[in-house]
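Here is a short tour of the chain in front of you. Let us start with the overall picture and then look at some individual residues.

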Amino acid sequence: MKINKDKLRLAMARKCMNARELASAVECSAESIHQILSGRRNVTTKKLGRIAKALDVDVTEIIDQEGE
């Protein structure tokens, strides 16, 4: 799935989290989060769920939806 990078950054800002802190909460590498933020990597459904849970947002708030 493709995450909307701007929406992800906004959600991170709301939680006062940087990429390293998000990576720790999601249990993945900081490099993986950096690649997602730069658009070089898409995410699995499982990782998307973990990111949304760590940021306390609904998954639909951070994904690129068709038609936008």
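## Overall build

Of the 68 residues in the chain, 37% count as buried. Keep in mind as you read that this is a predicted model. The secondary structure is simple to describe, with 4 helices and 0 strands, and the order from the N terminus is α-α-α-α. The radius of gyration is 11 Å, close to the 11 Å from the globule rule for 68 residues, so the chain is as compact as a globular protein of that length.

If you would like a feel for the dimensions, the C-alpha atoms fill a box of roughly 30 × 25 × 20 Å along the principal axes. Contacts across the sequence are well represented: among those with a separation of 6 or more, 59% join residues 24 or more positions apart.

## Surface and charge

The chain exposes about 4,400 Å², and 47% of that area is supplied by carbon and sulfur atoms. As for charge, there are 13 positive and 10 negative charges, and their mean positions lie 6 Å apart.

## The nonpolar core

Now for the inside. In soluble globular proteins, nonpolar side chains tend to be buried together. Here the largest nonpolar core holds 22 residues, and the members that touch the most others are Leu8, Leu22, Ile33, Ile51 and Leu55. Which elements give two or more residues to this core? They are H1, H2, H3 and H4, and H4 supplies the largest share, with 5 residues.

Ile33 is a good residue to click on. Leaving aside residues up to four places away in sequence, Ile33 touches Ala19, Leu22, Ala23, Cys28 and Ile51. Two of these partners, Leu22 and Ile51, appear with Ile33 in the list of residues that touch the most other core members.

## Helix H3 and its cover

Ile33 belongs to helix H3, which spans residues 30–38. The buried residues of H3 are Ala30, Ser32, Ile33, Gln35, Ile36 and Leu37, a list that includes the polar Ser32 and Gln35 beside nonpolar residues. What covers them? The cover includes helix H1 (5–14), helix H2 (19–26) and helix H4 (45–55).

After H3 comes Gly39, and its phi is positive, near 85°.

## A loop that meets the N terminus

Further along, Asn42 sits in the loop between H3 and H4. Is Asn42 buried, partly exposed or exposed? With a relative accessible area of 48%, Asn42 is partly exposed.

This loop residue also has partners from the start of the chain. Not counting residues up to four places away in sequence, Asn42 touches Met1 and Lys2. The C-alpha atoms of Asn42 and Ile3 are separated by 7.0 Å, although the two residues are 39 apart along the chain.

## Two residues with positive phi

Most residues other than glycine have a negative phi. Two residues are worth a look against that background.

Glu27, in the loop between H2 and H3, has a positive phi near 65°. Its relative accessible area is 64%, so Glu27 is exposed. Asp56 lies in the segment after H4 and has a positive phi of about 60° although it is not a glycine. Asp56 is exposed too, with a relative accessible area of 62%.

Note on methods
Residues are numbered from 1 along each chain as its sequence is written. This is a predicted model: local features need pLDDT of at least 70, side-chain atom pairs count only at pLDDT 80 or more; totals for chains, interfaces and linings use all residues. Side-chain values use heavy atoms; hydrogens and water are left out. The radius of gyration is taken over C-alpha atoms; the globule rule is 2.2 Å times the number of residues to the power 0.38. Buried means under 20% relative accessible area, exposed over 50%, partly exposed in between (1.4 Å probe, protein chains only). Contact means heavy atoms within 4.5 Å. Accessible areas come from the Shrake-Rupley method with a 1.4 Å probe; for residues, only the protein chains shown count as cover. Lys and Arg count as positive and Asp and Glu as negative; His and the chain ends are not counted. The place of a charge is taken as NZ of Lys, CZ of Arg, CG of Asp or CD of Glu. A nonpolar core is a set of buried Ala, Val, Leu, Ile, Met, Phe, Trp, Tyr and Cys residues joined through side-chain atoms within 4.5 Å.
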